[in-house]
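Thank you all for coming; I would like to take a few minutes to walk through one model with you. Please have the sequence and the picture open while I talk.

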Amino acid sequence: MRIDIISIFPEYFAPLDVSLIGKARERGILDVHLHQLRDWTHDVHHTVDDTPYGGGPGMVMKPDPWGEAIDDVLAADPAARPRIVVPTPSGVPFTQKLAMEYAAEPWLLFTPARYEGIDSRVMAEYGSRLRVDEVSIGDYVLAGGEVAVLVMVEAVGRLLPGVLGNARSVADDSFAPGAMENLLEGPVYTKPPRWREREVPEILLSGHHGKIARWRRDEALRRTAKNRPELLAALDPQSLDKHDRRL
Ligand SMILES: Nc1nc2cc(Br)ccc2s1
């Protein structure tokens, strides 16, 4: 997978050089290209923003630098078309399902904005011939879209074949389609069996895999009911067995 990111703070993406994503890049699973938006300005101050038409607070990012930058990124592979992802509090929710959809894309182009956002004509221009998604990572406002891109690149990158290795199946993730869809993961434990007078739940030491699976599902249901009751309400009743309903 190729990922392009255009930003006025490309240094925000240094974390993509380390850990899981960094290793995926070293192994050629992920090909990340960072671009400084100001490279497509032509004035001495490298201006990327201006006052909003119609008045109002803040500044809006000018269309020209973005248009020239996106055109040059698209020219990197004229035969292909990236899916453009615009982080914004006004977008559709970023979910595990959308992360899985993005993980199947050969090429993503992220356009994190600052200020009040990008002149709306930019995505109207590209939306006429490319998939352009406005995506929110949550109901809060950041100072810019860069952190949102880091979140999405990690959530997508870890799903790519070979990134997590055999130790971990993404099928067991919270929110993953299937048994864990709309369920939060329950508690986890490791050695020592007793820590500060606290014991590991007996069932987990029993070696009885069926009972362990049942206990883990019960704990996932309990945690979901406590922390995200709306997810429980959205569960397909068909996916609940008679034991689940007893809880
Ligand atoms: N939650 C989010 N806040 C922001 C702020 C800006 Br400015 C750009 C993108 C996003 S996504």
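**Around the ligand**

I will begin at the ligand, where a backbone N or O atom of Tyr140 lies 2.8 Å from one of the ligand's nitrogen atoms. Before I go further, please keep in mind that this is a predicted model. There is a second contact of interest here, since a polar backbone atom of Leu142 is 2.9 Å from a nitrogen atom of the ligand. On its own the ligand has 320 Å² of accessible area, and the protein covers 95% of that.

Which residues come nearest to the ligand? Of the 13 residues around the ligand, those that come nearest are Pro87, Tyr115, Tyr140, Leu142 and Gly145. If we sort the residues of that shell by character, we count 8 nonpolar, 4 polar and 1 charged.

Let me stay with Tyr140 for a moment. Tyr140 sits in the loop between strand S7, residues 132-136, and helix H5, residues 146-157. With a relative accessible area of 43%, Tyr140 is partly exposed, because partly exposed covers the range between 20% and 50%. Tyr140 and Leu142 also appear together in a nonpolar surface patch of about 400 Å², which they make with Tyr12, Val147 and Val151.

Tyr115, which is one of the residues that come nearest to the ligand, is found in the loop between S6 and helix H4, residues 121-127. Its relative accessible area is 37%, so Tyr115 counts as partly exposed as well.

**Backbone details**

Now I would like to turn to the backbone. Most residues other than glycine have a negative phi, and most peptide bonds are trans. Against that background, Tyr115 has a positive phi of about 60 degrees although it is not a glycine. His46, which is not a glycine either, has a positive phi of about 55 degrees. His46 is placed in the loop between strand S2, residues 31-36, and strand S3, residues 49-50, and with a relative accessible area of 39% His46 is partly exposed.

Where in the chain do we meet a cis peptide bond? The bond from Lys191 to Pro192 is cis, with omega near 5 degrees, and Pro192 has its place in the loop between H5 and strand S8, residues 194-195.

**Salt bridges**

Next come the charged side chains. How many salt bridges does a search of the whole structure find? The search finds 17 salt bridges, and I will pick out a few of them.

Asp17 and Arg25 form one of them, with their closest N and O atoms 2.8 Å apart. Arg25 has a relative accessible area of 24%, so this residue is partly exposed.

In another, the side chains of Glu105 and Arg83 meet at 3.0 Å, N to O. Glu105 lies in the loop between helix H3 (96-103) and strand S6 (107-110), whereas Arg83 belongs to strand S5 (residues 83-93), so this pair ties together parts that are 22 residues apart in sequence. Are these two partners buried or partly exposed? Glu105, at 21% relative accessibility, counts as partly exposed, while Arg83 is buried, with a relative accessible area of 4%.

A third salt bridge joins the side chains of Asp244 and Arg217, again with 3.0 Å from N to O. Because Asp244 lies in helix H8 (residues 242-246) and Arg217 in helix H6 (residues 209-227), the pair ties together parts that are 27 residues apart in sequence. Both Asp244 and Arg217 are buried. Returning to Arg83 and Glu105, salt bridges that share partners join these two with Glu101, Arg131 and Asp133 into one network.

**The chain as a whole**

I will finish by stepping back to the whole chain. The protein chain has 8 helices and 9 strands, and its C-alpha trace spans about 70 × 40 × 40 Å along the principal axes. Of its 247 residues, 40% count as buried.

One last pair may help with orientation in the picture. Lys62 lies in the loop between strand S4, residues 60-61, and helix H2, residues 63-74, and at 27% relative accessibility Lys62 counts as partly exposed. From C-alpha to C-alpha, Lys62 and Ala124 are 14 Å apart in space, with their positions 62 residues apart in sequence counted as their separation.

How values were computed:
Residues numbered from 1 in each chain as written. Predicted model: local features only at pLDDT ≥ 70, side-chain atom pairs only at ≥ 80, totals over all residues. Heavy atoms only, no water. Near = heavy atom within 4 Å. Polar contact = N/O pair within 3.5 Å; in protein donor to acceptor, adjacent residues only side chain to side chain. Areas by Shrake-Rupley, 256 points an atom, 1.4 Å probe, with all protein chains shown as cover. Nonpolar A, V, L, I, M, F, W, Y, C, P; charged D, E, K, R; others polar. Salt bridge = Lys/Arg side-chain N within 4 Å of Asp/Glu carboxyl O. Buried < 20%, exposed > 50% of the residue type's maximum accessible area, 1.4 Å probe, protein only. Helix = DSSP H or I, 4+ residues; strand = E, 2+ residues; numbered from the N terminus. Patch = residues over 30% accessible without salt bridge, like charges linked within 9 Å, V, L, I, M, F, W, Y side chains within 5 Å.
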